[in-house]
Amino acid sequence: MADSPSGFRLLPIESVCANITSGGTPPRNVPSFFEAGTIPWFKTKELEDAPLTDAEEYITEEALAKSSAKLLPANTVLMAMIGATIGKLGILGRPAACNQNSVALIVDEKQADHRYLFYLLLSKRDELISLASGGAQAILNAGVIRRFELPFPPLPRQKAIGELLASIDEKILANKQTSHTLKS
């Protein structure tokens, strides 16, 4: 946890999070857990290094109450921990749930900016993946993620960096949509 001359501190991810947890999958043999669901439920294949709002599947309040699924707050950073999607990221744009193959990083907004953490993890993905274990299917252990150290500047600087990078991503997305529309 040393400070650098520029004010950056090297901190483990767990020190800037209010909670680090994983999701859960409601049993598929209980139709009432999915039918007419209103709570977005994200799988790792939906993590595309971007904000998340609309999921492929939705679950019900009953699924939350009677399964291992958890309701996560908006701005939670999700990271895939296993297989082909390992290291892929998403930020919840609204309260939602995720499956057990993701780690959910609920940022303590008094300690860090969720967007800054998201972009920092994106830039350190290869380094983090190199810490995965397993043979045919790599697994990134939640403990490894908790202890992974990253450089954090003072909070106002984190917010400015996160806001700038998010605005660039929004502009890129808008340009892609415009290009797609023009091609059509």
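Ala166 is buried, because its relative accessibility is 13% and the cut-off for buried is under 20%. The residue belongs to helix α5. This is a predicted model. It has an open sheet of 5 strands, an open sheet of 3 strands and 11 salt bridges.

**Helix α5: a buried residue and a surface patch**

- Helix α5 covers residues 155-183, and Leu164 is part of it. Ala166 lies in helix α5 too.
- Which residues does Ala166 touch, leaving aside its neighbours within four places in sequence? The contacts are Arg115 and Tyr119.
- Ala166 and Pro51 are 115 residues apart in sequence. In space, their C-alpha atoms are 9.5 Å apart.
- Leu164, Leu165, Ile168 and Ile172 make a nonpolar patch on the surface. The area of this patch is about 320 Å².

**The sheet of 5 strands**

- The strand order is β2-β9-β6-β7-β4. The pairing is mixed, and the sheet is open.
- Which strands stand at the edges? They are β2 (17-22) and β4 (50-52). Each has a single partner strand, so one side of each lacks a neighbour in the sheet.
- From one strand to the next, the twist averages 25°.
- β4 pairs with β7 (residues 89-92) in the parallel sense, over 3 bridges. Pro51 has Ile91 in β7 as its bridge partner.
- β6 and β7 run antiparallel and are joined by 3 bridges. Here Val77 has Ile91 in β7 as its bridge partner.
- β6 and β9 also run antiparallel, with 4 bridges between them. Met79 is partnered by Val103 in β9.

**Cover on the sheet**

- In a regular strand, side chains alternate between the two faces of the sheet.
- β6 is covered on both faces. Val77 and Met79 are buried on one side. Leu78 and Ala80 are buried on the other.
- Helix α2 (residues 114-123) lies across β2, β4, β6 (77-80), β7 and β9 (102-107). The helix runs at about 170° to β7.

**The sheet of 3 strands**

- This open sheet has the order β5-β3-β8, again with mixed pairing.
- β5 and β8 (97-98) stand at the edges. Each has a single partner strand, so one side of each is left without a neighbour in the sheet.
- β3 and β8 run parallel, joined by 2 bridges. The partner of Trp41 in β8 is Ala97.

**Salt bridges**

- Side chains of opposite charge can pair when their charged atoms come close.
- The model has 11 salt bridges.
- Arg28 pairs with Glu57, with the closest N and O atoms 2.6 Å apart. Arg28 lies in the loop between β2 and β3 (39-42), and Glu57 lies in strand β5 (residues 57-59), so the pair ties together parts that are 29 residues apart in sequence.
- Is Arg28 buried or partly exposed? Arg28 counts as partly exposed, because its relative accessibility is 47%.
- Glu62 and Lys66 form a salt bridge, 3.4 Å from N to O. Why are they about one helical turn apart? They are separated in this way because they are 4 residues apart in helix α1 (residues 61-66).
- The accessibility of this pair can be given residue by residue. Glu62 counts as partly exposed at 29% relative accessibility. Lys66 counts as exposed at 58%.
- Glu127 forms a salt bridge with Lys124, and their closest N and O atoms are 3.9 Å apart. Glu127 is partly exposed, with a relative accessible area of 43%. Lys124 is partly exposed at 27% relative accessibility.
- Salt bridges with shared partners join Arg28, Lys43, Lys45, Glu46, Glu56 and Glu57 into one network.

Technical notes. Residues numbered from 1 in each chain as written. Predicted model: local features only at pLDDT ≥ 70, side-chain atom pairs only at ≥ 80, totals over all residues. Heavy atoms only, no water. Patch = residues over 30% accessible without salt bridge, like charges linked within 9 Å, V, L, I, M, F, W, Y side chains within 5 Å. Areas by Shrake-Rupley, 256 points an atom, 1.4 Å probe, with all protein chains shown as cover. Salt bridge = Lys/Arg side-chain N within 4 Å of Asp/Glu carboxyl O. Pairing = 2+ DSSP bridges. Axes fitted to C-alpha atoms, helices over the stretch in contact; angles between N-to-C directions. Contact = heavy atoms within 4.5 Å. Buried < 20%, exposed > 50% of the residue type's maximum accessible area, 1.4 Å probe, protein only.
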